[in-house]
Amino acid sequence: MSNLFKKMFVLFFVSVFFLSSAYVPIFAAGDELTQVKDETAPVVPAPPTTEQNSPEGKSTEEVPQEAGKPASKEELPNNTDTSLQAVLPTPPTNLKSSVQSDTTINVEWTASQDSSLISAYEIYVNDSLAGTVPGNQTFYTIGGLAAGNTYKIQIKAKNKEGAYSEFSQSIEIPTLTGKKVYELESLTVSKSSGDALTKVNEKESSGGYHDFYQANEAGDYIEFPFQVAETGSYDIELRSKQFTNRGIAQIYIDDAPVGQPTDSYNVTARYINSLVGTVNLDKTQNHIFKIALTGKNSASSNFIVAVDAFYLTKKATTTAPSVPSGLKSAVQSDTSVNLEWTGSQDSKGVATYEIYEKDQQIASVEGKQTNYTVAGLTPGQTYSFKVRAKNIDGVYSDWSNILDIATLKGQTVIEFESLVGVKHSGKPLSRVAEKESSGGYHMFYEASANGDYIEYPFSIAEPGQYQIDLRNKQFKNRGIAQIYIDGKAVGDPLDSYNATARYVNSKIGVADLSSGISHTIKFVLTDKNPLSTSYLLGLDALYLTKQITAAKPSTPQNLKSSIQADTTLNLEWTASTDTKGIDSYEIYEHDQLAGKVAGTQTFTTIQGLTAGTTYSYRVKAKNKDGIYSDWSTTLQVSTLAGKTVLELEQLTGGNSSGKKQTKISEKESSGGNHVFYESSTVGDYIEFPFQVSKAGSYQLDLRLKQFTNRGIAKVYVDGIAVGQPIDLYSPSAKYANVAVGNINLDNRATHTLKLEVTGKNTASTSYILALDAAYLTASKSAADLYEPNNTIATASAITASKLITAYISEPLDQDYYKVVAADTDNYFLTLQSPKDKNYKVEILNSAGQKLNVLQTQNKQDVDVSFFAVKNETVYIRVYADLGAFGPDPYLLRLTLSPLKTYTYDDANHLIKVEYEQGLYQYVIQYEYDRNGNLLLRRVTKTPKSN
């Protein structure tokens, strides 16, 4: 077919297409007649509008792309016929879905590069054609889907010559499950106040459309009839579009108000999903969903409402899933944050996880996925994320921990997978999705020989000198590459080999980017490590840091920890100084970033730690130019052992006498916060619900803040008075730890700690209570399982590798243990005395004769070794000296000769030794310089838990 004939055929097809587009009117009772597109007719995009001339306030901002499934691995063709390549459109890119319902999925994409020559895009679902849109439209709503199913979606472009592009990358998107979605534009309006109603087509609208109701005063309303499949209690959510001309509306179901009025005002146009409330539907048909205007925000210019869809989620009576735990972020860029968490458990299975930033849902993922990349963020901004699980019955778990995490500031992060115009030596190139990849993806280039290369174009905002850093993925099949910026080599060749797969950030060098804003980075394979099996490259992200010659801030001083709990500890330091001001402080545990605070704050609380463990911290300051100070001194500090710490500000749901309760953040507060209860008279009280892992007897201590306006309080646990009333008065503000008394906790699921005001000091001005934390220490009767074992005759039989937790509870108490050697071997024993105690250990033969005696020194562990033949009986005696008894336990563990694991590097240097001995797992690491000289030997002891 000649080119002229092809063009005539395309012109004829386009003419027929546009002439066949249908328009039909829709209106509610009393509505102003407004013409909109028929949903069954082909959608012809309207001319572009702006925020100023569009009553909808249509946003021009792109929705951040969600991380999807790994793209299919496509091999780039070698020796392609350029005459044929010239007529093929480029594939559409950045295919994504920003909104789904139970039966529809909205998709959007970036147009092919030769967009002016594109006549149409074809959308494929599960490899079957699902729809076609004109070449000037880059979004589509896929309808008629099944709820809770995952669909593979991809698109391809067709140009005006009838030639097709390759398929875009595919994405796998699930429809909603557990929610019934009512598209308001598809419901027939039953009644309204008569204002104009328009059905508007937008890519962010659920189902492709939303209703635009031009209410203009309080009292205007619109009603929609709906029905449900079964009666019951339902949660109602509303999806709407906010803007500067929106009103405040109350939602009614069957004439009954649900929740609070919703303010749809926002300074920019955006869609939001809002939880309205819960409603009981006692019939299946003849329900009415009503939106009634009650007013408008003082900043709003009108009373308009733009409503998209409402969601009904039936509340189930089944057990909720367990809480997602360990929410964290292993990698951040300037505009994205990778999140991951430990999955929930549910008897019927987890359907989805919902990800929230503060109280706004930003995404959901399938229940089998426990990671997500949040994109489209602002550099240097701190965000608060949380996650909850939903099972297949629609029942939600409680929230995960809240993760406060900041995007990078002072660095421009360029994601290789987002760059177009790549050139290379013709080997296969794939985009791979992984939770550790910056932005959710990295590029996998299958170079196979020296001389293979790959080159990316990139742009910068401001010319200058830049530090070039690279994030890449190492593995045993990687090559060595020289990096070039604008054709000039930067740094030494980079070896990406490692015995195990891991991501690393490497400093490459400084490059001169002062010639303009457009540049190239090129990777040329020069060799491979002798241990590597190939020349592959895994390229994740490029970091650009503009070089500034400003002086660095002064070093933070006096790093210390004044309060520790079992899983948290507080750090504080003296502020740094800088002529331009301190932007932030970064806190590191060894070489790992553990936290970050604003430059005006000189303390932080480290959470999620392990009880009875020693940690090493240091701090550095960063000024407004991104320049770092030198490190502070290193502080070694341990979390509490043998105590359960209840942070009172975290115990919610208790009763009180109704006075104002505030959570106060202070550097001396355990966990970083304490409860400030403004009791004002005798009889005022506050309660805290709490749980323990095991019933038994405990010593109860309280941490309180005293001051001149404090009251006297009596302590109750499960309704039983404990100890004497506590006077919180002090002439100056200070924290105090108070021993309250011994308590017995039974097997109930939840216990209650209550403080009731009984009076005040004559010098005090009020009855206020400032409550920080409660400490529970298990008494001997609750924990010592080996008594009676005070003689050789009553010695408790133990075996190697078993962790012994026991007590020396009185001056004459002593514990005997009997060991029958399982093999002829050397045996190693570690005894750990309680804090501030020194216990002794003796090794006795079967006749009770002493073989070895060692005492703990400086309140540290003691290690004892002895030799025994198979079936020989040996006794171990533990006892106190100089009255060193108490309620805290000692730990004892016996092991055989350790089996050590040795690890060597490529130069046959010993780099790691691992073994288990006594109470600890030992890891000894060695570091060398380039000449093979030993620089550092680091020993890490990790307590064994069994």
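The largest cavity holds about 70 Å³ of space. A cavity here is a set of points on a 1 Å grid over the protein atoms alone where a 1.4 Å probe fits but cannot get out, and lining residues have an atom within 4 Å of a point. The volume is the space filled by probe spheres set on the points, which are joined across faces, edges and corners. The model is predicted: local features need pLDDT of at least 70, side-chain atom pairs pLDDT 80 or more, while totals for chains, interfaces and linings use all residues. Numbering starts from 1 along each chain as its sequence is written, and side-chain values use heavy atoms, without hydrogens and water.

Select strand E20 (305-314), which gives the most to this lining, with three residues. Strands are DSSP runs (E, at least two residues) numbered from the N terminus. Then add Leu 238, Ser 240, Ala 249 and Ile 251, which are among the lining residues. No charged residue lines the largest cavity; seven are nonpolar and three polar.

Go next to the second largest cavity, of about 40 Å³. Select Phe 523, Asn 472 and Ser 496, which are among the residues lining it. Strands E33 (465-474), E34 (480-485) and E38 (537-546) each supply at least two lining residues.

Finish at the open sheet of four strands, in the order E42-E41-E44-E45 with antiparallel pairing. Strands pair if DSSP finds at least two bridges between them. E42 (592-598) and E45 (635-638) are at the edges with a single partner strand each, so one side of each has no neighbour in the sheet. Select Ile 587 and its bridge partner in E42, Gly 595. Six bridges join E41 (582-589) to E42.

Methods: 1 Å grid on protein atoms, 1.4 Å probe; cavity = no way out; pocket = protein on both sides within 12 Å on 5 of 7 lines; lining within 4 Å. Nonpolar A, V, L, I, M, F, W, Y, C, P; charged D, E, K, R; others polar.
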